[in-house]
Amino acid sequence: MSSHAIVPVSGLTCASCVSRLEKALSGREQVEQANVNLALETLDIRVNPSNALADLPDWVEAAGFGLEKTSAILTVQNITCASCVARIEKVLAQMPGMDQVAVNLATQQVRASWFQGILSLKEIKRRLDQLGYPVVERTQTDAPDQDHDQALLLRNSLIGLGLSLPMVITMVVSLFEKGWMLPGWMQFLLTTPIQFWLGRRFYSGAYHALKNGAANMDVLVALGTSAAYFYSLFLWLVHGTSHLYFEAAAVVISLVLLGKWMEARAKNLTGDAIRKLMKLQPPTAKKWQDKALISVDIDQLLIGDELQIQPGDTIPADATVLSGESSVNEAMLTGESIPVNKQQGDIVLAGTQNTNGSLRVRVSQSPEEFRLKQIVEMVNDAQMQKPDIQKMVDRISAVFVPAVIAIAIFTLAAQWWINGFEVALVAAVSVLVIACPCALGLATPTAIMAASGVGARRGVLIRDINQLHLLANAGTIAFDKTGTLTHGEPAVIHQENWSDSKDLLGWIKQIQLQSQHPLAEAMVRALSMVPMSNLAFHVENLSGRGICAKNGETRLLIGNRRLLEEYGVSIAAKHTESQPDYSSTVWVAVNAEVAARFDLTDPIRDDAPAIIEWLRKRAWQSWLLTGDHKAAAAVVKEAVGIDEVFTDLLPEHKSQTIEQLKKKTGTVVMVGDGINDAPALALADVSIAMGNGTDVAMEAAGLTLMRPQLGLIPEAVQIAKKTQLKIRHNLFWAFIYNCIGIPLAALGFLSPMIAGAAMAFSSVSVVLSSLHLLRWSPRFPDK
C-alpha cells in the first residue's frame with residue numbers, strides 16, 4: 001500500500017538543488033514519485049510500502065538537505081507508572097515521522113517532536129487516545145482542576161476506607177476470638193462498590209494496557225484484587241463459608257487510592273515553582289491610547305506600545321522606561337532580594353513588582369519573547385529531559401510488570417503445591433499488589449522537578465539536565481575574563497591632571513557625553529560630580545583615535561597616544577609615571593600641551609576571589625581563557641587567585657583550548673557571557689552563561705545564571721550534587737523496596753492489606769524525598 005505526503009524541505013537554494021534531491025530520492029526502490037517545488041520549498045513524494053515514510057528524513061539528510069520539524073508538550077491522562085511511560089514512548093516512537101518523544105511521569109506530560117508533512121499533532125493525539133491516554137487541553141490543566149482531581153481521589157479513598165473498616169475490625173477481632181466475622185452477604189455488599197465503582201479506574205487502565213499488548217500497575221492491582229474478590233465470591237456462594245478475602249480486595253483498592261492522593265499532593269508541591277512563575281504575569285496591562293489609559297490583554301501588546309505602571313503593580317511586559325523613577329523587586333526572576341532602582345532608559349521585565357514610584361514604559365519585546373516566558377519554557381524543557389540513569393530505569397520498567405506477573409504465577413503454583421490453594425492465592429495476590437513500578441518511575445523526574453524549581457527560585461536556570469549531572473562530578477572550570485570575572489564595562493581607576501584650568505574636567509565631561517564609546521561613558525561616570533561646562537565645542541570623531549573638539553582658539557584632543565602624536569603633542573616621561581601597563585589610557589591635550597590622563601580598566605567582580613577560593617578548597621582547577629594580552633590577564637590571575645591562564649585567544653582558539661583541557665583533565669566546565677564564548681560553551685561538558693550576557697551565549701549554555709553574580713556558581717554546583725544524591729537515594733529505595741517486598745510476599749509473610757499499604761507508601765515516600773530539595777538553601781560562603 002502506497003502513502004503520499006507533501007513535506008517542507010530546508011536547504012533548497014537553486015534549481016540544481018531540486019535536481020539533486022529528486023535524483024537522490026527517485027533512486028530509492030520504495031519511492032514511486034518525488035517532485036520538488038523550489039518556490040514553496042516542499043517535496044511531493046509517494047512511497048510504497050507506506051511505512052517507508054519513516055525513512056524519509058534519513059534519505060533527505062543523505063542528499064544534503066533537511067526536513068522541518070515541530071514540537072509540542074502535551075498533558076495526558078491515565079499515566080500511572082513507569083510501564084505507562086515506556087509503552088507511550090515505544091508506540092509513539094514507531095509512528096512514521098516521529099523524531100523524538102519523552103514522557104514525564106511526575107508531570108504526566110509528553111514532549112514530542114516530529115517532521116512536518118509526515119506526521120501531524122492530530123495523529124499523535126489520536127494515537128494517544130487509542131492507547132488510553134487522552135490529551136487534556138491546556139485550559140484544563142489549571143490549578144482548580146488539579147485541586148478537583150485531588151479532592152476526588154481523597155473522597156474515593158475515604159469512602160473506600162469507611163466501607164472497609166467494619167471488615168477490618170472484625171478480621172482483627174477474629175484473630176483473638178474465633179467465629180467473629182461479618183456475614184458473607186454483608187462483606188459482599190461492602191466490597192462490591194469499592195471493587196467496581198471506586199476501582200473502575202484500575203480496570204479501565206488495565207483494559208487499555210492489555211489491548212495494546214502491554215501491562216502496567218493497573219494490571220497488577222486489577223489482577224490481585226479481582227482474584228481475592230472472585231475467589232471470595234466463589235467460597236461464599238458455593239461453600240457458604242464466611243471466612244472470605246473480600247476485605248483484602250477492599251482495603252488494597254482504598255489504600256492505593258489514598259496513596260495516589262498523597263502522591264498527587266506531593267507531586268503538586270514539586271511543581272509549585274514553575275506554576276508560581278506562570279502566575280507572575282498579570283492578564284492585562286494599562287496602555288496609553290489617545291492620551292487615555294485603557295486596559296488590554298497581554299497577548300494584544302505590540303512592540304512600541306506605551307504602558308503606565310503604578311506603585312504596587314506587577315510589570316506586565318518587558319519594556320524600556322520612558323519616564324519616572326521607581327524601585328523594582330526582581331527577586332521572583334533573578335533571586336536578587338534587594339529592589340533595583342529603575343529610571344529613564346532602564347529595562348524592566350514582565351512579572352517583576354513595581355514598588356514605590358510610577359513609570360511610563362515602552363514595550364520592547366513581543367509577548368512570546370518576554371524573559372518570563374523564556375524562563376518558564378526553559379524550566380519546562382529541563383523537567384521533560386531524561387538523564388542517562390533514567391533511561392536505564394525505563395528499560396527495567398518496561399519488563400517489570402510482566403516479570404512480576406510471572407513471579408505471582410510461580411508463587412501461586414509453588415505455594416499451592418506446598419501449603420494449599422488458599423495460602424497460595426493470598427501470597428500471589430500480595431506479590432501482585434506490593435510490586436510498585438511507580439516508585440521506579442517517579443524517583444528521577446520528581447527530583448529533577450524539585451531541582452529545576454529550586455534553581456529557578458535561586459536564579460540558576462537549568463536547560464540541560466545531563467549537564468547538571470556532569471557538574472556534580474566535575475573538577476575543572478574555565479572562565480572567560482571580560483564580563484565574567486570582570487564587570488564587562490570599563491571604569492576609571494586613576495586620573496592625573498596637569499592643567500591649571502578649573503574648567504578642564506567640565507569640558508571633558510561635556511565633550512565625552514557626545515560620544516558612545518565605552519571608554520567615554522566610563523569617563524562621564526567618573527566625572528559625575530563635576531559641573532557641566534557651558535562652553536560650546538565643535539566635536540569631530542576620529543575613528544580609532546579619539547575626539548578633536550574646538551571652541552575658538554581652544555582645541556581639546558581626547559584619545560589615545562596615536563591621536564596626540566598626529567597633532568604633534570609630545571608625551572613626556574613625567575606624564576607616564578605610575579601608569580599601569582595593564583590599563584587602557586585616554587590622553588587629554590589642550591592645544592599643544594598634555595593636560596590630563598585617565599587610566600581605565602575593566603574592574604574585577606568583588607566576589608571573584610571568594611569563588612575561586614571556594615572552588616580551590618574543593619580541589620577544583622581553575623583556568624582563565626581570554627583574548628587580552630598577558631599583562632591584563634596576569635593582573636586578573638593575581639587578583640582572583642586563578643590557577644592557570646591562556647591569553648591572546650580568538651573564539652576558535654578558546655574552543656580548541658577547551659578540547660585540550662577535556663583530554664587533559666576530564667570533565668570541563670566553561671563560564672562565559674559573550675558571542676565569542678559561544679563556541680567554547682558549546683564544546684564544554686558543562687556550560688554556564690552569565691545572565692547579563694548575549695542571547696547567543698545563553699543559547700549555547702546548559703545553565704544560565706539570571707544575575708551577573710559569580711556566587712551563583714557554587715549554588716549551581718550544590719544543586720547539582722544535591723540532585724544527583726537525591727536521585728541515587730530515590731532509586732536505591734525504590735529498588736530495595738521491590739527487591740525485599742516481592743520475596744517476602746511470595747513467601748507468605750505479608751498479607752494483601754499490608755502489601756497494599758506498602759505499595760502506596762513506596763510511591764509517596766519517593767516523592768516526599770524529592771520534596772526535601774525544595775527546602776534546600778545555599779551554603780556559601782561556608783560558615
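# Notebook: a look through a predicted model

**Entry 1: starting at S3.** I began close to the start of the numbering, where S3 sits in strand 1, which covers residues 3–10. I am working from a predicted model, and I keep that in mind throughout. Is S3 buried or exposed? Its relative accessibility is 18%, and buried means under 20%, so S3 counts as buried. Next I looked up what S3 touches. Leaving out residues up to four places away in sequence, I found I45, R46, V47, S50 and L53.

**Entry 2: a cis bond.** I then checked the peptide bond from N48 to P49. That bond is cis, and its omega is near 5°. P49 belongs to the loop between strand 3 (42–47) and helix 2 (56–62).

**Entry 3: stepping back.** I wanted the whole picture before going on. How many helices and strands does the protein have? I noted 27 helices and 30 strands. The C-alpha trace spans about 125 × 70 × 65 Å along its principal axes. Of the 783 residues in the protein, 49% are buried. I also looked at contacts with a separation of 6 or more: 68% of them join residues 24 or more positions apart.

**Entry 4: the nonpolar cores.** Which residues touch the most other members of the largest nonpolar core? This core has 126 residues, and the ones I was after are I79, L92, M98, L471 and F479. Helix 26 (residues 712–746) gives the most to this core, namely 13 residues. I picked L92 for a closer look. Apart from its neighbours within four places in sequence, L92 is in contact with M98, V101, V110, I124, R127 and L128. There is also a second, separate core of 24 residues, and V9, L21, V60 and F115 are included in it.

**Entry 5: helix 14 against helix 26.** Having met helix 26 in the core, I looked at how it packs with helix 14 (residues 421–434). The angle is about 165° and the axes are 8 Å apart. Angles over 145 degrees count as roughly antiparallel, so helix 14 and helix 26 are roughly antiparallel to each other. Their crossing is right-handed. On the helix 14 side I listed A427, S430, V431 and I434, which meet Y737, N738, G741, I742, A745 and A746 of helix 26. By class, the residues of this contact are seven nonpolar, three polar and no charged.

**Entry 6: helix 7 against helix 8.** My second pair was helix 7 (residues 200–211) and helix 8 (residues 217–239), which pack at an angle of about 120° with axes 8 Å apart. That angle makes helix 7 oblique to helix 8. Helix 7 passes helix 8 in a left-handed crossing. Which residues make the contact? Helix 7 brings R201, F202, Y203, G205, A206, A209 and L210, while helix 8 brings M217, D218, V219, V221, A222 and S226. Sorted by class, this contact has nine nonpolar, two polar and two charged residues.

**Entry 7: two positive phi angles.** My last stop was the loop between strand 9 (284–289) and strand 10 (292–297), where D290 lies. D290 has a positive phi of about 55°, although it is not a glycine. K291 is found in the loop between strand 9 and strand 10 as well. K291 is not a glycine either, yet its phi is positive at about 65°. Are these residues buried or exposed? D290 is exposed, with a relative accessible area of 72%, and K291 is exposed with 82%.

How values were computed:
Residues are numbered from 1 along each chain as its sequence is written. This is a predicted model: local features need pLDDT of at least 70, side-chain atom pairs count only at pLDDT 80 or more; totals for chains, interfaces and linings use all residues. Side-chain values use heavy atoms; hydrogens and water are left out. Axes are lines fitted to C-alpha atoms, for helices over the stretch in contact, and angles run from 0 to 180 degrees between N-to-C directions. Helices (H or I, at least four residues) and strands (E, at least two) are DSSP runs, numbered from the N terminus. Angles under 35 degrees count as roughly parallel, over 145 as roughly antiparallel, 65 to 115 as roughly perpendicular and the rest as oblique. A crossing is left-handed if the near helix is turned anticlockwise from the far one by less than a right angle, and right-handed if clockwise. Contact means heavy atoms within 4.5 Å. Ala, Val, Leu, Ile, Met, Phe, Trp, Tyr, Cys and Pro count as nonpolar, Asp, Glu, Lys and Arg as charged, and the others, Gly among them, as polar. Buried means under 20% relative accessible area, exposed over 50%, partly exposed in between (1.4 Å probe, protein chains only). A nonpolar core is a set of buried Ala, Val, Leu, Ile, Met, Phe, Trp, Tyr and Cys residues joined through side-chain atoms within 4.5 Å.
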